[in-house]
Amino acid sequence: MATLDLTSITKDFGAHKVLSGIDLAIRDREFVVFVGPSGCGKSTLLRIIAGLEAATSGRILIDGQDVSDAAPVDRGISMVFQSYALYPHLSIFENIAFPLRVARLPEAEVKAKVARAAEILQLTEKLSLKPGQLSGGQRQRVAIGRSIVRNPKVFLFDEPLSNLDAALRGEMRVELSALQRDLDATMVYVTHDQVEAMTMAHRIVVLNKGRIEQFGTPMELYHHPATRFVATFIGQPNMNLIPATVTGTGAEGVTVAFHGGAQMTLPVDPGTTRAGDRVEVGLRPENLTLGQGLAMRLRVLERLGGTAIAYGMMGDGLKLCAALPGDTAVHEGEEVGLTFAPADAHVFDAQGRVLRRRQAPALAA
Amino acid sequence: MMDRYTLLQKIGIYFGIAVFLTFILLPFFEMFMTSLKPLNHILRAPYQFWSDDFSFDAYTRMWERVPLLGRYIWNSIFIATTVTIIAMIVIVPAAYAYARLDFPFKTQSLGLFLSVNMFAGAVLLIPLYKLMRTLGLLNTYWAMIIPGVAFLIPTGIWLLRGYLEKIPKEMEEAAYMDGASRLYTLRRVILPLAGPGLVVVATTVFITAYAQQYLFAVTFNSNGNLHPLPVGLLQFIGYQNVEWNMMMAAALTGITPVLLVFLFLQRYLVAGLTAGAVKE
């Protein structure tokens, strides 16, 4: 229904820079998730798009129209809040009808629109109740209902699932993804949970300290993280980072030496990296398998059934985590050897920038 | 649960409550007892708590002794009600502004308002008298209503602001996102949610207005038809004797309608508080 473009958005609170130079082009009908640690500016950015807060500088365009100075309702935007922000004294019907009442729509039209929204969200039987009589998931659906009756161009969600328990959160993730498809809507969703980002987003914006670290599809971020920050933020359990020194660069890639002395040639573009540079080798726990290589003292083993997450320490005190098959015969306290395919390794330079991987899965078109 | 007290603790708590209630309620009880006794029993020495001649005589004779008594009771309620209505009309938007909006000298101006309350009404009587005279309001209801409102606004704002601040900001933001204006949001979202707070503030204002009438009435009003009950009660003080029993009967009769209203409001208050507990 609408594209959303942000150009050089900045936001200062006094001397404190919350956002600096945010440029973003969100496509029509795209589900984009802003993800990042708390304090990274993702909620502020969402509130600026919503019109609840003014950017210090920069423009916001919806469908090519500059709405930077428009009121939220004139931007064609609606928002679902973390706390649902339902009105406890109004019935579910009136809660959903609120935006229509503000717009002074005729009663018949209000009834029809609320009925349709309630049907989509399976709230038809609950319309006469008060929010206090609903469960958390139902309240969340009412909040969504209030945002869809107005037929906005862009939907904004501010951590909508963080008040729900784990099981319900999983359920609502699926519902939201389905809703996005059904409504054919452009959605921007803020969360600190990388699982929500990975599962729902068409594209993810990873924010850190008020800057965009990377903007790409979930699998792009997973296979080709642009920075060390993105690499450790995306993926569960977190990526292992092992310090190493570059001993040579060549056509096959970069040869590194680990502190234990082992050498390995990793198929990545050397870029400006030279022999002697210190780098970090990033290894995803799921890419580690038992075998000759890195020696780890196994401290805790979490058996999840299908997989077993092994947490341990290498000789030099470095923490390491590996996701092994569920039935792997290893025991806590044991010394285990871990190995990996060179093609699975990520290499980050001293500034935390990635050296491009050559043999990783191709970028999704 | 919070109510896990031992028997001994419970006895202690109830004892404390009993002492406290005795202090508060004994004067009312004594008023009631006095109103039932004949005058010569009241003045009997030594003091006798129990009389052998109780009657409701004073309750009928007081209307003859002070023919305007009904009028005084009505004046009291009328003045306090008008003060409450006018004060609330001013307090609600002001408290909302102090709770939500940002404007220059916000804290300073609220402090200034409150500092007015540091002065006892009596200190300001003479300037107020001059003001009322200049405005030509002496000997009218307004002379008792306007100062009453003025003295109650600061505390009212202070009290209500606390309630309004507790309403989650997101509710307003959600309404704002949906295109609602500030006034629409205030009317449809904030005020219904602040219901219990409004009742508390209105109650406080009413009670204070009821209690502070005496000073303003004695000073700014000499029209006998406009006097509130506290001034009217003075008429039971005669040249030769004070009709204590009738005075107590009149005082009790005067507060009864107010008492009934608050008994009703109290129930609403409790219901309102639990209704507001719906949101997290």
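This report walks through two sheets and a domain contact in chain A, then a helix pair in chain B, all taken from a predicted model.

## Two domains in chain A

Let us start with the overall division of chain A. The domain assignment splits the chain into domain 1, covering residues 4-232, and domain 2, covering residues 237-355. Between the C-alpha centres of domain 1 of chain A and domain 2 of chain A there is a separation of 37 Å.

The two domains do touch: seven residues of domain 1 of chain A and ten residues of domain 2 of chain A take part in the contact. On the side that domain 1 of chain A presents to domain 2 of chain A, four residues are nonpolar, two are polar and one is charged.

## The six-stranded sheet

Next comes an open sheet in chain A built from six strands, with mixed pairing. Reading across it, the order is β6-β7-β8-β3-β9-β10. Its edges are formed by β6 (77-80) and β10 (211-216) of chain A, each of which pairs on one side only. Ignoring direction, neighbouring strands in this sheet are turned by 20° against each other on average.

It is worth pausing at the β10 edge. Here β10(A) pairs with strand β9 (residues 203-208) of chain A in the antiparallel sense, over five bridges. If you would like a place to look in the structure, find Leu207(A), which stands opposite Ile212(A) in β10(A).

## The four-stranded sheet

Chain A also holds an open sheet of four strands, ordered β17-β16-β15-β18, and here the pairing is antiparallel. The strands β17 (319-325) and β18 (335-339) of chain A lie at the edges, each pairing on one side only. From one strand to the next, the twist averages 50°.

Within this sheet, strand β15 (residues 289-303) of chain A runs antiparallel to strand β16 (residues 307-314) of chain A, and seven bridges join the two. One pairing to look up is that of Glu302(A), whose bridge partner in β16(A) is Ile309(A).

## A helix pair in chain B

Finally, we turn to chain B. Two packed helices are described by the angle between their axes and the distance between the axes. For helix α4 (residues 69-100) of chain B and helix α7 (residues 141-165) of chain B, the axes come within 7 Å and cross at roughly 35°. The crossing of α4(B) and α7(B) is right-handed.

And what kinds of residues make up the contact of α4(B) with α7(B)? They divide into 21 nonpolar, three polar and two charged residues.

Technical notes:
Residues are numbered from 1 along each chain as its sequence is written. Chains are lettered from A and ligands numbered from 1 in the order in which they are written. This is a predicted model: local features need pLDDT of at least 70, side-chain atom pairs count only at pLDDT 80 or more; totals for chains, interfaces and linings use all residues. Two strands pair if DSSP finds at least two bridges between them. Axes are lines fitted to C-alpha atoms, for helices over the stretch in contact, and angles run from 0 to 180 degrees between N-to-C directions. Domain bounds come from an automatic or database domain assignment. Ala, Val, Leu, Ile, Met, Phe, Trp, Tyr, Cys and Pro count as nonpolar, Asp, Glu, Lys and Arg as charged, and the others, Gly among them, as polar. A crossing is left-handed if the near helix is turned anticlockwise from the far one by less than a right angle, and right-handed if clockwise.
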